[in-house]
Amino acid sequence: MNQSESVSVSPPLLQSKFVENFRWFSRFSFWVQLLFGAVSGITLILAMLSRNLSEQPNNPGIGFGIVLAIVGIILLAFRIFWDFRYRLLGRRLQGGDIEFYPSKEDITQALRIGLNSSLVGLLIAFIASEETVGLVLAKTLAQPQALATNTENVIRSLDIFVTMSNVNMIGAHFFGAVTSLGLLNWVDE
């Protein structure tokens with residue numbers, strides 16, 4: 001390796017501590033988000049299966065919550081794929097082959113894309129959670145204290161499953177955003 005090649009690669013990226021931490025955080029982030037995504041997906045599937053398709057629900061709000069949850073899961077799936085890409089970047093960093101070594105700009109751009117996708121997913125999951133929690137609260141307030149007599153005001157498992165799915169997505173997207181932001185700040189040092 002000659003002197004001109006070593007100048008093109010930024011010094012923080014050559015540090016083995018950075019490379020080791022980049023690989024560790026990307027691997028940890030991948031598995032945590034995969035776990036949260038699986039829980040969100042399973043609870044959303046259970047919510048959709050618990051709907052009685054023969055009866056028309058008088059609750060259009062929960063349908064919007066399900067749509068937002070599906071969008072959040074799609075964004076989370078992209079984010080999990082992107083964390084896998086982080087792992088590949090970490091392998092390239094650790095490889096030491098200057099020909100395949102990613103530049104600081106490549107790593108920074110990958111981290112920014114991951115951060116932006118997590119922030120958008122966090123926003124969507126937050127709106128979906130607020131909507132479903134507000135719906136459950138409205139149902140609770142509309143019920144008489146002794147017994148629910150109006151079937152549209154009964155809190156069903158569907159309502160809780162959708163809420164749980166959205167809250168898990170908030171956790172997953174938040175974790176992804178924190179990971180990307182931390183690594184991005186480290187690269188920029």
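Let me start with Asp83, which forms a salt bridge with Arg79, and in this predicted model the closest N and O atoms of the two are 3.0 Å apart. The structure holds 1 salt bridge, and that pair is the one I would like you to find before we look at anything else. How far apart are Asp83 and Arg79 along helix α4? They are 4 residues apart in that helix, so about one helical turn separates them. Please also notice where these charged residues sit, since both Asp83 and Arg79 are buried.

Now let us stay with Asp83 and look at a neighbour from another helix. Gln33 lies in helix α3, and the side chains of Gln33 and Asp83 are joined by a polar contact of 2.3 Å. Is Gln33 buried or exposed? With a relative accessibility of 0%, Gln33 counts as buried, because buried means under 20%. If we leave aside residues up to four places away in sequence, Gln33 touches Leu76, Arg79, Ile80, Asp83, Ala172 and Gly176, and so both partners of the salt bridge appear among the residues that Gln33 touches.

Let me turn to the nonpolar parts of the interior. The largest nonpolar core has 16 residues, and those with the most contacts inside it are Phe18, Phe22, Tyr86, Leu93, Ile107 and Leu111. The elements that give two or more residues to this core are α3 (16-50), α4 (60-95), α5 (104-142) and α6 (157-188). Apart from that core lies another one, of 14 residues, which includes Leu44, Leu135, Leu158 and Val162.

If we move to the outside, we find a nonpolar surface patch of about 390 Å², made by Phe64, Leu123, Phe126 and Ile127. Which helix gives the most to this patch? The answer is α5, with 3 residues. Ile127 is found in that helix, α5, and with a relative accessible area of 41% Ile127 is partly exposed.

Finally, let us step back to the whole chain. There are 6 helices and 0 strands in the protein chain, and buried residues make up 41% of its 189 residues. Of the contacts with a separation of 6 or more, 86% are between residues 24 or more positions apart. The accessible surface of the chain comes to about 10,500 Å², and 67% of that surface belongs to carbon and sulfur atoms.

Key
Residues numbered from 1 in each chain as written. Predicted model: local features only at pLDDT ≥ 70, side-chain atom pairs only at ≥ 80, totals over all residues. Heavy atoms only, no water. Core = buried A, V, L, I, M, F, W, Y, C linked by side-chain atoms within 4.5 Å. Buried < 20%, exposed > 50% of the residue type's maximum accessible area, 1.4 Å probe, protein only. Salt bridge = Lys/Arg side-chain N within 4 Å of Asp/Glu carboxyl O. Patch = residues over 30% accessible without salt bridge, like charges linked within 9 Å, V, L, I, M, F, W, Y side chains within 5 Å. Areas by Shrake-Rupley, 256 points an atom, 1.4 Å probe, with all protein chains shown as cover. Polar contact = N/O pair within 3.5 Å; in protein donor to acceptor, adjacent residues only side chain to side chain. Contact = heavy atoms within 4.5 Å.
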